[in-house]
Amino acid sequence: MAWIYLLIAGLTELVWATALKQSDGLTRLWPTVIGLSVALLSVVVLSLSLRTLPVGTAYAVFVGLGALGVALVGMVAFGESASPPGWRSSA
């Protein structure tokens with residue numbers, strides 16, 4: 001069950017990161033509320049997995065799933081570049 005919790009926690013990271021992108025710097029109410037709420041849920045579910053799994057393993061998997069997933073969402077949904085030159089900040 002711990003691995004299922006960890007998978008859910010990693011997948012919810014996609015939701016909150018994407019919602020915070022849509023919040024436009026926390027200036028749009030509903031994307032901000034969704035992003036912050038799901039971020040809290042993500043950490044709570046991660047903590048459930050930590051009842052059984054070692055913290056190093058669980059956190060590495062959690063961050064890895066989130067990073068890979070958010071990168072893919074950025075490329076697919078927002079047209080962000082997949083090449084190293086595209087990794088530079090546009091700000």
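**Entry 1: Val-55**

I began with Val-55, which counts as exposed at 59% relative accessibility. I placed Val-55 in helix α3. I then looked up the distance from Val-55 to Val-43, twelve residues apart along the chain, and found their C-alpha atoms separated by 13 Å. I note here that the model is a predicted one.

**Entry 2: the protein as a whole**

I next turned to the overall arrangement. I counted three helices and zero strands in the protein. Read from the N terminus, the elements follow the order α-α-α. For the extent of the C-alpha trace along its principal axes, I recorded about 40 × 35 × 20 Å.

I asked what share of the 91 residues counts as buried. The figure I noted is 26%. For the surface, I recorded about 6,000 Å² exposed by the protein, of which carbon and sulfur atoms supply 72%.

I also looked up how contacts are distributed along the chain. Among contacts with a separation of 6 or more, 64% come from residues 24 or more positions apart.

**Entry 3: the loop between α1 and α2**

I went on to the loop that follows α1 (2-22) and leads to α2, and found Asp-24 in it. Asp-24 has a positive phi of about 55°, although it is not a glycine. I asked whether Asp-24 is buried or exposed. I entered Asp-24 as exposed because its relative accessible area is 52%, and the cut-off for that class is over 50%.

Leu-26 also lies in the loop between α1 and α2. Its phi is positive as well, at about 65°, and Leu-26 is not a glycine. I recorded a relative accessible area of 52% for Leu-26, so this residue is exposed.

**Entry 4: Thr-32 and Thr-12**

I then looked up two threonines. Thr-32 is located in helix α2. With a relative accessible area of 11%, Thr-32 is buried, since the class requires a value under 20%. Which residues does Thr-32 touch, once those up to four places away in sequence are not counted? I listed Ser-23, Leu-26 and Thr-27. The loop residue Leu-26 is thus one of the contacts of Thr-32.

Thr-12 belongs to helix α1. I noted Thr-12 as buried because its relative accessibility is 11%. Setting aside neighbours within four places in sequence, I found Thr-12 in contact with Val-38, Leu-41 and Ser-42.

**Entry 5: α2 against α3**

I examined how helix α2 and helix α3 (residues 55-78) are set against each other. Their axes come within 10 Å and cross at roughly 145°. I recorded the crossing of α2 past α3 as right-handed.

I asked which residues meet where α2 and α3 are in contact. On the α2 side I listed Ser-42, Leu-46 and Ser-49. On the α3 side I listed Ala-58, Tyr-59 and Phe-62. Ser-42, entered here on the α2 side, is also among the contacts of Thr-12.

**Entry 6: Leu-46**

I followed Leu-46 further, a residue of helix α2. Leu-46 is buried, because its relative accessibility is 9% and the cut-off is under 20%. Not counting residues up to four places away in sequence, I found that Leu-46 touches Leu-6, Ala-9, Ala-58, Tyr-59 and Phe-62. Among these contacts of Leu-46, I recognised Ala-58, Tyr-59 and Phe-62 from the α3 side of the meeting with α2.

I also looked up the distance from Leu-46 to Gly-69, 23 residues apart along the chain. Their C-alpha atoms are separated by 16 Å.

**Entry 7: the nonpolar patch**

I finished on the surface. I found a nonpolar patch formed by Val-15, Leu-29, Trp-30, Val-33 and Ile-34. Together these residues have about 490 Å² of accessible area. Which helix gives the most to the patch? I noted helix α2 (residues 29-49), with four residues.

I took Val-33 as one of the patch residues to look up singly, and placed Val-33 in helix α2. Why is Val-33 classed as partly exposed? Its relative accessible area is 33%, and the class lies between the 20% limit for buried and the 50% limit for exposed, so Val-33 falls in between. The value also suits a patch member, because patches are made of residues with over 30% relative accessible area.

Technical notes: Residues numbered from 1 in each chain as written. Predicted model: local features only at pLDDT ≥ 70, side-chain atom pairs only at ≥ 80, totals over all residues. Heavy atoms only, no water. Buried < 20%, exposed > 50% of the residue type's maximum accessible area, 1.4 Å probe, protein only. Contact = heavy atoms within 4.5 Å. Areas by Shrake-Rupley, 256 points an atom, 1.4 Å probe, with all protein chains shown as cover. Patch = residues over 30% accessible without salt bridge, like charges linked within 9 Å, V, L, I, M, F, W, Y side chains within 5 Å. Salt bridge = Lys/Arg side-chain N within 4 Å of Asp/Glu carboxyl O. Axes fitted to C-alpha atoms, helices over the stretch in contact; angles between N-to-C directions. Left-handed = near helix turned anticlockwise from the far one by under 90°.
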